[in-house]
Amino acid sequence: MSTMLEPEGTYEGVPAYHFDNRLGGPVLSHQQRWDEIAGTHSGFRSTIASGYWVITEGRAVQEALQDWRRFSNKSVTALNPDPKFLWIPEMLDPPLHTTWRRLLGTEFSPKSVAAREPEVRRVAGELIDQLLDRSGVDVLDEFARQFPTLIFMRLMGLPEQDLGIFLDWVHDLLHLTYDEDPDGVRQMRAMTAVSEYFQEQIALRRDAPRDDLLSRTMSWEIDGRPISDYDMHAFCILMFQAGFDTVPISIGWALYHFATHPEQRRAVIEDPSLIAMGVEEILRVYSFVVPARKATADTEIGGCPVKAGEMVMLPLAVANRDPERFENPLEVDLHREQSNHIAFGSGPHRCLGSHLARLELNVAVEEWHKRIPEYRLVAGQDLEQHGNMYGIQSLRLEW
Ligand code: HEM
């Protein structure tokens, strides 16, 4: 077992460790830690706080994600089994969850997303054009974070001049290290600000609906009743978290990958039709989402005797880097026949935004390489990953 884990004996006959998933580390350490644990364990007990189970067998992770009857979304945070907040649709179980997904499905369908392609491509192109006079930048700050956030704001119908403040909130909510915010005050302040912001945007649309996703959502009825302001708020908060961090992290990984694999970079420049598989493979190999579920009954998964009400952590990396599932699982293979990964999750809560995310990632990689085909990592930078979702925090490239 990894030197990063401190053994604590056993719990109900299963190995127990002082395992804290929130710890940061050097680039790729998160994914490599999961490989190491999955090599010897199908599951273990984390003794952090009130304790939770961690499932490290790929097949079992997918099984739990699909079995909403046994594993509920009432809590999706391993450290917080009884949250006082709600995120819609993520923290709903069927049948209410199914109703929300049906309504939201049209907004995020392949057809609706495809209609946005020209706009998505234009926004990406304009942002990259602004970098052409420079000889290098932190690509997360100057491109990867701005691009999907702008698209998301347009989709929701939020004013674009709020981009800067949105990016500050995302930073304070999701990326502060322990040293930067030891008592969590900045994070809490950002949460309150985001919350108030959405309350205001909802109120504005109650008075005067517009042609945007927020207004359309407010016009829906669920079980014959209009959606309350409370539920609208729970929906906005989830969209903010789901849509704002994931695509920037993935663009960061894509540019990191192509900067460190120049032969693959040249291959996609020569033949851009390889980009689609490149994006899928990068999503798979650099998997960073770690969902969690709450057991509804006593059960067993990954060899762990889970009791009703206990939390299980389900790292997607163990399924996506599983040698039983993929040949050369740790390699981005541009010619793989199929990259049948679960980087967007599996089961009823599979990512609602996957078509949009795929479009944004493909466009980002295509437009970047059309304009800046040759680049490298700035030497001597500390590449660290941390935050809720394990992305690289800062990636300086030069060209
Ligand atoms: C590369 C980018 C993305 C990745 C890797 C990703 C990944 C995921 C994963 C793994 C889940 C399932 C979580 C679970 O099972 O608990 C999820 C759910 C979700 N994602 Fe994404 N996501 C991405 C981008 C987006 C975008 C751009 C949006 C919207 C604009 C979005 C909206 C959602 C929503 C609403 C859910 C909750 C679905 C539900 O509960 O039914 N995601 N995402």
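Visitor: Which label fits Asp-82: buried, partly exposed or exposed?
Guide: This is a predicted model in which local features need pLDDT of at least 70 and side-chain atom pairs 80 or more, while totals for chains, interfaces and linings use all residues. Residues are numbered from 1 along each chain as its sequence is written, and side-chain values use heavy atoms, with hydrogens and water left out. Buried means under 20% relative accessible area and exposed means over 50%, with partly exposed in between (1.4 Å probe, protein chains only). Asp-82 has 48% relative accessibility, so its label is partly exposed.

Visitor: Where along the chain does Asp-82 sit?
Guide: Let's use the numbered helices and strands as signposts. They are DSSP runs counted from the N terminus (helices: H or I, at least four residues; strands: E, at least two). By those signposts, Asp-82 is in the loop between β6 (71-72) and α3.

Visitor: Which residue's side chain makes a polar contact with the side chain of Asp-82?
Guide: A polar contact is a pair of N or O atoms within 3.5 Å; within protein, one must be able to donate a hydrogen and the other to accept it, and sequence neighbours count only if both atoms are side-chain atoms. For Asp-82, the contact is 2.8 Å long, and the partner is Lys-294.

Visitor: And how far apart are the C-alpha atoms of Asp-82 and Leu-330?
Guide: Along the chain, these two residues are 248 residues apart. In space, the C-alpha atoms of Asp-82 and Leu-330 are separated by 36 Å.

Visitor: Which peptide bonds in the loop between β6 and α3 are cis?
Guide: Pro-89 lies in that loop, and Pro-95 lies there too. The bond leading into each of these prolines is cis, with omega near 5 degrees. The bonds are Ile-88 to Pro-89 and Pro-94 to Pro-95.

Visitor: Which protein atom is the donor of the ligand's iron atom?
Guide: Donors are N, O and S atoms within 2.8 Å of the metal (3.2 Å for Na, K and Ca), and sites may look incomplete because water is not among the atoms. Look in the loop between α14 and α15, where Cys-351 has its place. At 2.3 Å from the iron sits the only protein donor, Cys-351 (SG).

Visitor: How many residues surround the ligand, and which helix gives the largest share?
Guide: A residue counts as near the ligand if one of its heavy atoms lies within 4 Å of it. That gives 30 residues, with Glu-90, His-97, Arg-101, His-349 and Cys-351 the closest. α3 (96-105), α11 (229-260) and α15 (354-371) each supply at least two of the shell residues. With seven residues, the largest share comes from α11.

Visitor: What classes do the residues of that shell divide into?
Guide: Ala, Val, Leu, Ile, Met, Phe, Trp, Tyr, Cys and Pro count as nonpolar, Asp, Glu, Lys and Arg as charged, and the others, Gly among them, as polar. Sorted that way, the shell around the ligand has 20 nonpolar, seven polar and three charged.

Visitor: How far is a polar side-chain atom of Arg-293 from an oxygen atom of the ligand?
Guide: Two other side chains set the scene. His-97 has a side-chain N or O atom 2.7 Å from a ligand oxygen, and Arg-101 has one at 2.7 Å as well. For Arg-293, the distance is 2.8 Å.

Visitor: What volume does the second largest pocket have, about?
Guide: A pocket is an open set of points on a 1 Å grid where a 1.4 Å probe fits, with protein on both sides within 12 Å along at least five of seven lines; lining residues have an atom within 4 Å of a point. Here 14 residues line the pocket, including Ala-38, Thr-56 and Val-318. α1 gives the most to this lining, with four residues. The space in the pocket is about 240 Å³.

Visitor: Which of these is buried and which is exposed, Leu-28 or Asp-223?
Guide: Both have a positive phi without being glycines: about 70 degrees for Leu-28 and near 50 degrees for Asp-223. Leu-28 is in the loop between β3 (25-26) and α1, while Asp-223 is in the loop between β8 (221-222) and β9 (225-226). At 16% relative accessibility Leu-28 is buried, and at 63% Asp-223 is exposed.

Visitor: Which side chain does the side chain of Ser-287 contact at 2.7 Å?
Guide: Ser-287 is buried because its relative accessible area is 3%, and its loop runs between α13 (275-285) and β10 (292-295). One polar atom of its side chain lies 3.3 Å from the backbone oxygen of Leu-283. The 2.7 Å polar contact joins Ser-287 to the side chain of Asn-320.

Notes
Grid points are joined across faces, edges and corners, and a volume is the space filled by probe spheres set on the points.
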